[in-house]
Each structure stands twice: as structure tokens, then as C-alpha cells.
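Reader: I should like to learn how solvent exposure, contacts and cysteine pairing are read from a model. Could we work through one case together?

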Amino acid sequence: MSEDLKFTREDKCIYLGDERSNAKAYITFTEPVDGVSVIEHTIVDPSIGGRGIAGRLVKEVVDLARDKNIKLDATCWYAKKKFEQVPEYSDVYVHDDTIK
């Protein structure tokens with residue numbers, strides 16, 4: 001995907017656009033507990049689906065985790081799938097079967 005997308009970082013959320021209230025795509029995650037934050041939801045409006053935006057959102061959270069020196073887990077099925085598919089994310093991914 002070659003689109004230049006503008007993501008906005010807020011507390012526990014990264015979204016596409018200028019305002020969270022009308023974001024067409026977003027990803028939510030928890031505050032870190034014991035150095036681990038959990039990705040909860042990755043949402044992309046169908047009108048902009050199929051462009052790799054959900055994957056870019058996961059990458060934004062991975063970059064944030066690296067910047068803050070924290071690890072990530074996920075209850076979101078999409079984020080879990082990305083962690084399994086992208087070996088470069090293994091430095092921040094810690095899978096915990098007890099998280100539902």
C-alpha cells in the first residue's frame with residue numbers, strides 16, 4: 001500500500017484521521033501492566049477496507065511498544081494473526097494463553 005496515511009496516537013488508541021469521534025479506522029490497547037499492553041480491537045470501516053490499513057495500525061502499535069520499551073499481547077484476532085505472520089514483530093510479542 002503506497003497511500004500516505006495520517007495516524008493519530010492518543011491514550012490507548014491509534015486512529016486514522018484528525019478526530020477519534022469520526023475515525024474510519026482505529027486500534028485500541030490497554031495501559032501496560034507489568035510491562036505488557038494488550039491489543040483489544042482493530043476496526044476498519046468497510047468503505048476503506050482491503051488497503052492494508054489494519055496491518056498498518058498493528059505496525060503503529062508495535063512501533064509505539066518499541067519506543068516505550070514494552071511488550072504486546074492481543075485479544076484481537078487480527079492482531080494475533082499479524083503477530084504470527086510477521087517475524088519482525090517477535091521482539092515485542094509475548095503470547096499469554098491466560099488473556100482472553
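Author: Let us begin with exposure. A residue counts as buried under 20% relative accessible area, as exposed over 50%, and as partly exposed in between. The model shown here is predicted. In it, arginine 9 has a relative accessible area of 38%, so this residue is partly exposed.

Reader: Where does arginine 9 lie, and which residues does it touch?

Author: Arginine 9 is placed in strand E1, residues 7-10. Leaving out residues up to four places away in sequence, arginine 9 touches Ile14, Glu60, Asp63, Leu64 and Asp67.

Reader: Is glutamate 60 buried or exposed?

Author: The same cut-off of under 20% applies. Glutamate 60 has a relative accessible area of 18% and is therefore buried. This glutamate lies in helix H1, which spans residues 53-68. Apart from neighbours within four places in sequence, glutamate 60 is in contact with Phe7, Arg9 and Ile14.

Reader: How many disulfides does a search of the whole structure find?

Author: A disulfide requires a pair of cysteine sulfur atoms within 2.5 Å. The search of the whole structure finds 0 disulfides. Cysteine 13 takes part in none, and the nearest cysteine sulfur, in cysteine 76, is 13 Å away.

Reader: Why is the sulfur of cysteine 76 not in a bond with that of cysteine 13?

Author: The closest cysteine sulfur to that of cysteine 76 belongs to cysteine 13, and the 13 Å between them is too far for a bond. As to exposure, cysteine 13 counts as buried because its relative accessibility is 0%. Cysteine 76, at 6% relative accessibility, also counts as buried.

Notes:
Residues are numbered from 1 along each chain as its sequence is written. This is a predicted model: local features need pLDDT of at least 70, side-chain atom pairs count only at pLDDT 80 or more; totals for chains, interfaces and linings use all residues. Side-chain values use heavy atoms; hydrogens and water are left out. Helices (H or I, at least four residues) and strands (E, at least two) are DSSP runs, numbered from the N terminus. Buried means under 20% relative accessible area, exposed over 50%, partly exposed in between (1.4 Å probe, protein chains only). Contact means heavy atoms within 4.5 Å.
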